[in-house]
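Reader: Please take a close look at a single part of this structure and then set it in the context of the whole. I would welcome one connected account, with the cut-off behind each term stated as it arises.

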Amino acid sequence: MNILFLLIIIPVLTIIGILFTGDNKQVRVVSAIGMTFQLILSAIIILWFLAERNAGNTAEILFASNYVWYETLNIHFFIGVDGVSVAMIGLTSIVIFAGIFASWDMDDLPREFFISLILLSAGVFGFFISLDLFTMFLFYEIAVIPMYLLIGIWGSGPRHYSAMKLTLMLMGGSALILVGLLGLYFNSAPDGGPLTFDILEISRVQIPMNAQLFFFPLLFVGFGVLGALFPFHTWSPDGHASAPTAVSMLHAGVLMKLGGYGCYRVAVFLLPEGAHELAWIFIILTAIGVIYGALGAIWQKDLKYINAYSSVSHCALVLFAILMFNETAMTGAIMQMISHGIMTALFFALIGMIYGRTHTRYVNEMSGLMKVMPFLAVAYVVGGLASLGLPGFSGFVAEMTIFVGAFQHPDIFHRVVTLIAASSIVATAVYILRVVGMMLFGKINNPDYELITDAKWYERLSTGTLIFGITAIGIAPLWLSNMITAGLGPVIHKLLLSMN
Amino acid sequence: MLMLIMRHELLLVLITVILLLVEIFLPADRKQKIILPALILFGVVMILGFIPGPTGRLFGGMYITTPLTLLMKNILTVGVFIVFLQSVDWLKKEENREKISEYFILLLSTLIGMEYMLSSGDFLMFYLGLELATIPLAALAAFERFKEKSAEAGVKLIFTSALSSGILLYGLSMIYGTVGTLYFSDVVNGINGAPLQILAFIFFFAGMAFKISVVPFHLWTADVYEGAPINITSYLSVISKGAAVMILTILLFTVFSKVAIMWKDVVYVTAILTMTIGNLFAMRQKNLKRFLAFSSIAQAGFIFLGIIGQSQLGMTTVIYFVLVYIFSNLGAFGVVAVISNRTGKEKIDDYDGLYRTNPMLSLTMMLALFSLAGIPPVAGFFGKFFLFAAAAQQGLYILVLIAVLNTIISLYYYLLVVKAMFLNRSDRPIEYFKSDGYSRLGLAICIAGLVIIGIYSPIYEFINQFTFGIY
């Protein structure tokens, strides 16, 4: 049996297990056990993948399984991984693992909460391993829709509004994707063969130019909505701010990556000529997004909004890098997805923990927290430094690679937008250091804060896992970037062909 | 043996006659006892329908049975069976006890009418079936005659049906006038798009549009749906509409296939109008019955996307979607019916906090609504996807885009109900109650259908092998 099936089966079994649990504690324990297995499984998959590659297996896709699902429409259940999707699987399992522990003290309808959370993660795993556009889309929607309940029931602030806004905007994006997918499907056999949703087969077909020009924007914008493409990012700050901790983590950490991954795997890979023609529009939009997100974060006082805008900026950088169409920048894009995924999950976890203690998320109301909760404060500083791209952490590796790759384009347009995008690093430093300075250092301004205790074991486990991820990538990035670069091969090849 | 060709209808007639006889001899205080035997009888007929049997023509080609019509009839009987299960609780009410067998007889007569309509081989048979399917429904809509709204619904339904039948008949008479025959197989060759035939088609289409409640012929729908007893509403919006859609599809694909260029524009425009207007009105509804009424108008618009494909994909998908739609809508209506029978509450606001008191009902409702909205993994997703594919196959990407954006609007109002049930809190939520066994069985069938029909692809393939090449 294909090991990838376990990525779907374990969450499903965990959900079934949760249904049979009695009290809150059992729910948590079952979820934790399930997601621990999932984390171990991902590690095994990554190691096995690397071992196969080292053994000289150069197949484009490893662990492939292909089953016919709807025969008349030639819809397959086709799964398999390459270097990029393996990396995304690793990211997802780390974040969901940390997310379970970050929501350890959930007491309102915990069973439903964990079921929705794990269902969401199952959708994400399914999305990353799918190689058939139909199943990919199916998992995409499965990943998006639990969000409504998760934010609406367990959220805070204007949660009903945020949940509805987020769901409708993301589903609006998926509406565009749907049309794009149908366009790909009905153009997948220009020579009159059987139509197909198979990504690999479509990538070997020359899709007519006018179709590419029509469907590329649909697909790119459709996935871009989830990847916080400016100006379709507006769901993100509201959604993240209202969502409960684990949901913010999972959403910013993983779900937004579905957008970037979709843009890369579907829009750019399958419609390269269209991408080349129209890239300039989206490069401008993403460059705006990078700067806009960073400036927006400076302007905010609410910790969650700061991090949400920072996510907009970082995710826009992912899309920006994908549109650079060269190996270096695209490797950077995938690295940035992983790096930002772990980093932002860390931030949201910490924000949830800080809020649980201080009962405020406004930066200017807090001060001197370093003295009372050193562990969480240090973790926040680590996350901050990674976010602003300090060498030694994952953020530096990713952003550096992106800007180097982007600057390889000799023409003035690319150079200018790269400079603009790169200048966001300065803005990032401003909002990170400002928050760290105001919130963590200085005198304690509220006597209640003296009573704050530091992180509990499950909070340490959650944040510790994420910090380990950030530093591990920062210190030893090569295995990851090599794996990703190898995975990018077919895409780059196709892009180069389309240029001539 | 020849009569086996008509076995569906004959068996139904048989049950109806048995029920009529029993009704005569049964003392008034024991009428409630008829429910279970009637259900069992109908269940047996439903199962018998699935046994393969002879196909062919009767009465000189006026009546045709093909594997396709058998399939459609089976789909309808399954739907009617669920409706029956969901009505038991309501029939046991004090005020309805006297009329239990009437309910069964009337509903079965409409079903017989629909089956004759689906099997019709000429326009006369088609018209007879259509009328038989419609007139008892007016009586059923006015079933709760002590309620003003129910009586109003009955009158509205009979008037609009009469009007639409008149329009339809006028169209048919013009077809007869230009072609000189009513047999489908002969009409096909006679239709060439002459001006009078275009007029005839418009009349015919308008008449059918009334029955399917397609915009702009939808105005009767909301009032009738709101006033009629809830089980009749679900019957109207699911079975009756489903049958009308299927026969319209068959007629457009066969009889009017040569003039497709003529009807495609009509379907294109009405599809957009129906989806959009149905959705926009559904957003504003506070009463769940009206809400589902407008949502079912919008769904009809989506079905037109499959019709416009005029391909095997389109035909299969229309039938597949009707099947999915039966389970989704009956699931939603089933929950509304259960709650309405027990508490009399029918407003969306009344459902605030329902999940915390009645989790199973809320989950059923959510799955049914997600299926209507086309959210995976429930069957509605597959149905919608294939409908869009059928339209995209013809290159109608703009239409698909409009339709897909309409699903987002529809998702908004379906989520409003989900929001009421799951997100909102209420001081006085609907209290916990245990629904009756029959309703639960009905809802369980719906859920099973919703989950299985999508993921289990052989159902689609099974439908696919019968479609096209009909007649």
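Author: F325(A) counts as buried because 21 other C-beta atoms lie within 10 Å. Under the criterion applied here, a residue is buried if 20 or more other C-beta atoms lie within 10 Å of its own, exposed if 12 or fewer, and partly exposed in between, with C-beta atoms placed from the backbone. The model is predicted, so local features need a pLDDT of at least 70 and side-chain atom pairs count only at pLDDT 80 or more, while totals for chains, interfaces and linings use all residues. Residues are numbered from 1 along each chain as its sequence is written, and chains are lettered from A and ligands numbered from 1 in the order in which they are written.

The backbone at F325(A) has a phi near 55 degrees, a positive value in a residue other than glycine. F325(A) belongs to the loop that links helix 13 (303-322) to helix 14 (327-358) of chain A. Helices (H or I, at least four residues) and strands (E, at least two) are DSSP runs, numbered from the N terminus.

A second non-glycine residue with positive phi is H359(A), at a value near 60 degrees. H359(A) sits in the loop between helix 14 and helix 15 (369-372) of chain A. In contrast to F325(A), which is buried, H359(A) counts as exposed because it has 9 C-beta neighbours inside 10 Å.

Chain A also has a hairpin with a positive phi. Strand 1 (residues 62-70) and strand 2 (residues 75-81) of chain A pair in the antiparallel sense over six bridges; pairing requires that DSSP finds at least two bridges between the strands. S65(A) is placed opposite I79(A) of strand 2 of chain A. Four residues lie between the strands of this hairpin, where N74(A) adopts a positive phi near 60 degrees.

As to confidence, the mean pLDDT of chain A is 86, and 100% of the residues score at least 70; pLDDT is the predictor's confidence in each residue, from 0 to 100. Helix 15 of chain A has the lowest confidence in that chain, at a mean of 79, and helix 5 (residues 133-144) of chain A has the highest, at 90. For chain B the average is 87, with 99% of the residues at 70 or above. The complex as a whole receives an ipTM of 0.90 and a pTM of 0.92 from the predictor.

Chain B contains 19 helices and two strands. Its radius of gyration is 21 Å, which agrees with the value near 23 Å for a compact globule of 471 residues; the radius is taken over C-alpha atoms, and the globule rule is 2.2 Å times the number of residues to the power 0.38. The C-alpha trace of chain B spans about 65 × 55 × 40 Å along its principal axes, and 60% of its residues count as buried. Helix 4 (residues 100-118) of chain B is largely enclosed by the rest of the structure, because 17 of its 19 residues are buried. That helix reaches 27 Å from its first C-alpha to its last, close to the 27 Å expected at 1.5 Å a residue, where the expected span is 1.5 Å times one less than the number of residues.

Chain B has cis peptide bonds as well. One joins V215(B) and P216(B), with omega about 5 degrees, and P216(B) lies in the loop between helix 8 (195-212) and helix 9 (221-227) of chain B. Another joins P376(B) and P377(B), again with omega about 5 degrees; P377(B) is in the loop between helix 15 (359-373) and helix 16 of chain B.

Between the chains, the contact takes 25 residues from chain B and 24 residues from chain A; two residues are in contact if their C-beta atoms, placed from the backbone, lie within 7 Å. On the side of chain B, the elements giving two or more residues are helix 16 (379-393), helix 17 (397-423) and helix 19 (458-466). Helix 17 of chain B supplies the largest share of that side, 13 residues. The residues of the chain B side divide into 19 nonpolar, four polar and two charged, where Ala, Val, Leu, Ile, Met, Phe, Trp, Tyr, Cys and Pro count as nonpolar, Asp, Glu, Lys and Arg as charged, and the others, Gly among them, as polar.
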